[in-house]
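Please open the model in your viewer and keep the sequence alongside it, so that each selection below can be followed in turn.

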Amino acid sequence: MERLFEYMDRQIAGVTSDFHRYLYPRIKWENHMLGLVGPRGVGKTTLFLQRIREAHGRGEALYVSADHLYFSDHTLYETAETFYKNGGTHFFVDEVHKYPGWSRELKMMYDALPHLHVYFTGSSVLDIERGEADLSRRAPRYLMQGLSFREYLSIEKGLDLEPLSLEAILAGEAELPGIEHPLPLFRDYLRHGYYPFGSDVDFDLELAQVIARTLEVDIPQYANMTAATGRKLKKLMVVVSTLAPFKPNMVSLGSQIRVSRNNVEDYLLYMEKAGMVSQLRTGASGLGALGKPEKVYLDNTNILYNLSDGREDVGSVRETFFLNQMRVNHLVTASPVSDFQIGEATFEVGGRSKGRDQIKGVEHGYVAKDDIERGYGNVIPLWAFGLNY
């Protein structure tokens, strides 16, 4: 076990406490067990390491990665039990989905080690949701998204901003102290600001690898698919990238990748949960609204730019940004008269020349307008919606 402590110490040495993700203060760390899930590359591991560094003394916490060589001849439960018997109180398991039978052993920890706090991450929400043992009552799951524009500004410019509520954004309270012109920073964010590794020299290559591994390895492996299905997912991603946003025709999409329409619906749902696409659904209630998206988008603007080869549609970029940023704290649905609906508010997204015709007569109608630094009335600068989380 000393090897595991040495491994943990090396990992902790590489993190700082200068910046915390939006989810950090929201997590109820007093839970006996909890899961932190989300797409590849959004910073789940760093969040756990920061928590250990800031909240636990030597010997209280143990961080392990489920794919560590140590587990070739040791079990997760055995490790947790030994740690617990030696006075350990908090057991952090990273990428738990890479350990066969992970859900059964987590359940054993929950039931047999009552005073041990067990926290785990999963790079894919897919496998976490299909765990073999029922963990839903035992382990609340926190879904972590990529960086907001607010968080990007904190990292890049040291700007200490509190998240703004939607009401505050609509009231025109979005401000960036010390930044006279927000648009150049906003453009940078759209291209490489969503992922914490966006400042890497080889970011485009690294993101392409994240996309490929998600489609070819993660989804097929954790949804019990074949390698051939992985290739179909990749082909579907290519098709989506050339059309998004679009109203999906499942029959047409199925014919392009040679699968049934029902398979296409499943594939899109898997890709959505894995952080590759986002589906905008109608606001209808009941089972009739499930599985019938009004539009399909790429998940975030970084993926959009990565797959566009310089041919990105600016309108698609704007709508993708709005949906991506606002879905974290709000249910965003398709508007019957405009682009998006959040509660009673209707939003039309566009550029500097976008008018108000589509929301004319709408009681709570707003224009989210790009290419402007400040808003006026019911016209809100698009970048301001990136301050919501």
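Leaving aside its neighbours within four places in sequence, which residues is Phe149 in contact with? In this predicted model, select Phe149 and display its surroundings: with those sequence neighbours left out, its contacts are Leu176, Pro182, Leu185, Phe186, Tyr189, Gln325, Trp383, Gly386 and Leu387.

Widen the selection next to the largest nonpolar core, which holds 122 residues, and in which Phe149 is joined by Phe91, Phe322, Phe347 and Phe385 as the residues that touch the most other members. Colour helix 9, residues 203-222, to see the element that gives the most to this core, with 6 residues. In soluble globular proteins, nonpolar side chains tend to be buried together.

Turn now to the open sheet of 5 strands, whose parallel pairing follows the order 2-3-4-1-5. Its edges are strand 2 (61-65) and strand 5 (141-143), each of which pairs on one side only, and from one strand to the next the twist averages 15°. Starting at the edge formed by strand 2, select strand 3 (residues 90-94) as well, since the two pair in the parallel sense over 5 bridges; here Tyr63 stands opposite Phe92 of strand 3.

Finish at Leu280, which lies in strand 6 (residues 277-281) and counts as buried because its relative accessibility is 2%. Measure from Leu280 to Leu323, and the C-alpha atoms should be 8.2 Å apart, although 43 residues separate the pair in sequence. Beyond its neighbours within four places in sequence, the contacts of Leu280 include Leu323, Pro293, Tyr297, Val332 and Phe340, as well as Glu294, Lys295 and Asp339.

Methods. Residues are numbered from 1 along each chain as its sequence is written. This is a predicted model: local features need pLDDT of at least 70, side-chain atom pairs count only at pLDDT 80 or more; totals for chains, interfaces and linings use all residues. Side-chain values use heavy atoms; hydrogens and water are left out. Two strands pair if DSSP finds at least two bridges between them. Helices (H or I, at least four residues) and strands (E, at least two) are DSSP runs, numbered from the N terminus. Axes are lines fitted to C-alpha atoms, for helices over the stretch in contact, and angles run from 0 to 180 degrees between N-to-C directions. A nonpolar core is a set of buried Ala, Val, Leu, Ile, Met, Phe, Trp, Tyr and Cys residues joined through side-chain atoms within 4.5 Å. Buried means under 20% relative accessible area, exposed over 50%, partly exposed in between (1.4 Å probe, protein chains only). Contact means heavy atoms within 4.5 Å.
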